[in-house]
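Biologist: I am new to this structure, and I would like to go through it slowly with you. Could we take a few questions in turn?

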Amino acid sequence: MRSCIFVDGENLRHSLIDLFAGEFDPQDYLPKTARWHEFFDFLAANCYSSEKLRAYWYVVGKVDFWPWNLPHSINDHQKLVNILRKHDPFAKALNAAANERTCAENILHDLEDEQRKIEKRFHGWLTLQNGIVGQHDEVEFRRAGTIHYNLCTRRFGSEKAVDVKLSIDMLHLKDIYDVAVIVSGDGDYVPAVQVIKDCGKKVVNVSFETRSGDLLPGGARTLNQITDKVLTVKYNQIKPLLLP
């Protein structure tokens with residue numbers, strides 16, 4: 001039995017943050033000392049005792065910043081003010097300012113600094129991903145879609161198109177594997193899983209169990225119901241591999 005592992009990158013990252021709360025810094029993106037090759041081999045061995053062909057790891061290709069029409073200059077003052085007023089705290093600051101233009105310019109510079117900071121952070125993610133590929137055989141990152149970042153609230157939003165790419169590849173590569181191992185809790189994969197099963201393939205979804213016995217990711221129920229098998233990895237099984 002041959003298996004391919006399909007990893008929803010953001011889903012895995014958030015599961016690890018919850019699983020190892022306080023044990024590694026989420027700003028590091030992923031545990032830096034993780035033995036990913038051994039981790040994926042462990043998953044394959046416990047999914048119908050299959051042999052891992054490759055782990056395909058799906059991540060966003062770029063950050064999509066909001067406001068989208070934010071001018072990177074101060075030449076169009078009225079356009080800038082109109083954009084900034086869509087965010088209530090900025091509107092209040094502009095209304096209270098003695099000089100609206102100066103206030104708007106200061107806010108713009110602050111937003112531009114924030115965008116540069118996030119772009120640098122995203123570049124760090126890419127560097128870490130490339131390092132994982134260089135150190136671990138048969139692990140491949142596939143980049144697709146975007147992740148939303150609101151410069152005003154300074155919060156990341158949802159990713160787009162990553163699940164589509166994963167589903168397409170799972171179907172496209174069906175002739176090279178016997179078992180598809182999904183590391184995700186996203187119910188959006190249910191239609192693709194059904195098609196893969198109809199092609200005679202086995203499909204396994206991976207869940208993680210915290211020290212207190214909670215299952216991660218929390219939204220995996222729908223996906224777990226349609227897959228052939230659910231592999232639940234306990235905290236004491238995963239920690240030696242990802243936080244040695």
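Biologist: In which helix does Ile-118 lie, and is Ile-118 buried or exposed?
Modeller: This is a predicted model, in which local features need pLDDT of at least 70, side-chain atom pairs count only at pLDDT 80 or more, and totals for chains, interfaces and linings use all residues. Residues are numbered from 1 along each chain as its sequence is written, and side-chain values use heavy atoms, with hydrogens and water left out. Ile-118 belongs to helix 5, residues 100-135, where helices are DSSP runs of H or I with at least four residues and strands are runs of E with at least two, numbered from the N terminus. Because its relative accessibility is 3% (buried means under 20%, exposed over 50%, partly exposed in between, with a 1.4 Å probe and protein chains only), Ile-118 counts as buried.

Biologist: Which residues is Ile-118 in contact with, leaving aside its neighbours within four places in sequence?
Modeller: Contact here means heavy atoms within 4.5 Å. With those neighbours set aside, the partners of Ile-118 are Val-63, Phe-65, Tyr-149 and Phe-156.

Biologist: How do the axes of helix 6 and helix 7 cross?
Modeller: The axes, lines fitted to C-alpha atoms over the stretch in contact, with angles from 0 to 180 degrees between N-to-C directions, come within 10 Å for helix 6 (residues 162-172) and helix 7 (residues 190-198) and cross at roughly 5°. Since angles under 35 degrees count as roughly parallel, over 145 as roughly antiparallel, 65 to 115 as roughly perpendicular and the rest as oblique, helix 6 is, relative to helix 7, roughly parallel.
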